[in-house]
Amino acid sequence: MKVALGQFAVSRDWQENSATCTRLMAEAQAEGADLLVLPEGILARDIADPDLVLKAAQPLDGPFLTAICAASRGNALTTMMTVHVPAGDGKALNVLVAIRNGEIIARYDKLHLYDAFAVQESRNVTPGNQVPPLVEVAGMKVGLMTCYDVRFPEQARRLALDGAEVLVLPAAWVKGPLKEKHWEVLVTARALENTCYVVAVGECGPRNIGNSMVVDPMGVAIASAAEAPALVFATLEATRIAQVREVLPVLQNRRFARPELN
């Protein structure tokens with residue numbers, strides 16, 4: 001599977017962000033990518049207005065995703081990102097969508113909300129209540145996670161036991177002391193402990209670190225971006241997963257039961 005990591009700084013204007021997404025989709029398709037992963041919360045963002053994610057939220061059939069779906073028609077590229085969708089309770093859901101050939105083929109509502117480091121995502125966002133699905137892309141099974149989820153190893157382990165070979169992680173990882181180190185350690189750990197690929201894509205800009213990366217099942221970073229906008233590619237090999245799981249059979253050797261959602 002050829003993956004593309006589309007890292008950019010989200011603006012407060014959804015039309016501008018839509019244009020950026022469709023441009024990255026076209027560039028990824030031109031390079032033969034099977035999967036394009038974009039950051040978290042890409043409908044609208046403003047560092048001076050943290051409530052914008054709620055005020056700008058759109059339904060799944062709203063103009064933002066309608067334009068993205070239209071741009072995806074007629075090709076096999078799968079595009080994943082998260083957007084904020086009205087929840088009906090005065091808040092929004094942080095929804096990871098997988099789009100292919102004009103349709104939303106899967107969704108995942110973020111389970112773990114970022115109420116940490118003096119940020120309170122739950123002020124505007126309602127948590128999901130279902131284990132993420134797996135999505136098949138180019139013959140490989142892809143599990144879905146979003147940003148803060150990476151700090152909870154139970155979710156990654158559950159997806160790996162459900163059959164995931166690749167974990168996708170759109171994110172908007174906030175800058176701060178040691179935060180780049182946290183990101184690198186956690187993404188690497190989730191890959192190594194589950195012998196999966198992890199495709200982690202971070203928003204860049206004044207608030208967030210960027211640092212998108214692909215880590216292989218042995219914990220090796222095989223592609224990465226810095227702090228600026230970028231489109232980075234990597235090739236994921238099913239044979240690499242099989243080789244690592246043969247020599248490092250942690251999923252077979254585990255003693256604990258399959259994690260379940262509370």
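**Note on two pockets and a helix pair**

1. The largest pocket has a lining of 23 residues, and those nearest its centre are R45, P50, V119, E121 and R207. Two elements each give two or more residues to this lining: α2 (52-55) and β7 (119-120). Bear in mind that this is a predicted model.

2. The space in the largest pocket comes to about 460 Å³. Its lining is mixed in class: 11 residues are nonpolar, eight are charged and four are polar.

3. The second largest pocket holds about 280 Å³ of space. Its lining is made up of L111, H112, V131, P132, F152, E154, Q155, R158, P259, E260, L261 and N262. Six of these lining residues are nonpolar, three are polar and three are charged.

4. Now the helices. Two packed helices are described by the angle between their axes and the distance between the axes. Helix α1 covers residues 14-30 and helix α3 covers residues 63-72. They pack at an angle of about 15°, and their axes lie 10 Å apart. Angles under 35 degrees count as roughly parallel, and α1 and α3 are therefore roughly parallel to each other. Their crossing is right-handed.

5. Which residues make the contact between α1 and α3? From α1 come W14, N17, S18, C21, T22 and M25. From α3 come P63, F64, A67, I68, A71 and S72. By class, this contact has eight nonpolar and four polar residues, and no charged ones.

Terms used. Residues are numbered from 1 along each chain as its sequence is written. This is a predicted model: local features need pLDDT of at least 70, side-chain atom pairs count only at pLDDT 80 or more; totals for chains, interfaces and linings use all residues. Side-chain values use heavy atoms; hydrogens and water are left out. On a 1 Å grid over the protein atoms alone, a cavity is a set of points where a 1.4 Å probe fits but cannot get out, and a pocket is an open set with protein on both sides within 12 Å along at least five of seven lines; lining residues have an atom within 4 Å of a point. Grid points are joined across faces, edges and corners, and a volume is the space filled by probe spheres set on the points. Helices (H or I, at least four residues) and strands (E, at least two) are DSSP runs, numbered from the N terminus. Ala, Val, Leu, Ile, Met, Phe, Trp, Tyr, Cys and Pro count as nonpolar, Asp, Glu, Lys and Arg as charged, and the others, Gly among them, as polar. Axes are lines fitted to C-alpha atoms, for helices over the stretch in contact, and angles run from 0 to 180 degrees between N-to-C directions. Angles under 35 degrees count as roughly parallel, over 145 as roughly antiparallel, 65 to 115 as roughly perpendicular and the rest as oblique. A crossing is left-handed if the near helix is turned anticlockwise from the far one by less than a right angle, and right-handed if clockwise. Contact means heavy atoms within 4.5 Å.
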